[in-house]
Amino acid sequence: MTVLFDSCKQLRHVQLSSKLFKVTDCSGASLAANCPCLTNAKLTQAMTDATIQQLALSCKHLRELDLHRSCAVSCEALQRLLEGCLLLSRLVLPQQLEVGAVVRAMSSRCCCSLSMLEEEQLQVLALQH
């Protein structure tokens, strides 16, 4: 997967599937590092803070991110994501992540206002700048 992302520098939309055994946190970080034009991403359960932090560093055009299948994502990584991806307008969170804690962790250091929406039993944050 890493080689694929190395050659897709202009990639704007991606949906990673957990059905592909080669999709790992390392390939997620490679995606973020090699695809700075990414605007829309749906990540898989293999993604962790390392991928989220690389997205925050590299993907400044990111507008929509779906993490609802990502199990190991911390509030700290989400805070860095919002600080780094100022164009982000839609964030779908894992159901097991307590949204109140996320909002509290980000509210003091984030320049956007957050509103929570329920969509098909997913926790969605609509971000208004």
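How many of the 10 residues of α2 are buried? The close-ups below start there; keep in mind that this is a predicted model.

**View 1. Helix α2 is mostly covered.** The count is 7 of 10 residues buried. Walking along the helix, the buried ones are Asp25, Ser27, Gly28, Ser30, Leu31, Ala32 and Asn34. Two of these turn up again further down: Leu31 is touched by Leu43, and Ala32 is in contact with Ser58.

**View 2. The largest nonpolar core has 25 residues.** If you want to know who touches the most other members, look for Leu43, Leu55, Leu62, Leu65 and Leu81. At least two core residues come from each of α2 (25-34), α3 (49-58), α4 (75-84) and β4 (90-93). The largest share belongs to α4, which puts in 4 residues.

**View 3. Leu43 and the residues it touches.** Zoom in on Leu43, one of the core members with the most partners inside the core. Setting aside residues up to four places away in sequence, Leu43 touches Leu16 and Leu31, then Thr51, Ile52 and Leu55. Also on its list are Leu65, Asp66, Leu67, Arg69 and Ser70.

**View 4. Ser58, a residue of helix α3.** Is Ser58 buried or exposed? Its relative accessible area is 18%, so Ser58 counts as buried, the cut-off being under 20%. The Ser58 side chain makes a polar contact with the side chain of Gln54, at 2.7 Å. Beyond its neighbours within four places in sequence, Ser58 is in contact with Ala32, Ala33 and Pro36.

Conventions:
Residues are numbered from 1 along each chain as its sequence is written. This is a predicted model: local features need pLDDT of at least 70, side-chain atom pairs count only at pLDDT 80 or more; totals for chains, interfaces and linings use all residues. Side-chain values use heavy atoms; hydrogens and water are left out. A nonpolar core is a set of buried Ala, Val, Leu, Ile, Met, Phe, Trp, Tyr and Cys residues joined through side-chain atoms within 4.5 Å. Buried means under 20% relative accessible area, exposed over 50%, partly exposed in between (1.4 Å probe, protein chains only). Contact means heavy atoms within 4.5 Å. A polar contact is a pair of N or O atoms within 3.5 Å; within protein, one must be able to donate a hydrogen and the other to accept it, and residues adjacent in sequence count only if both atoms are side-chain atoms.
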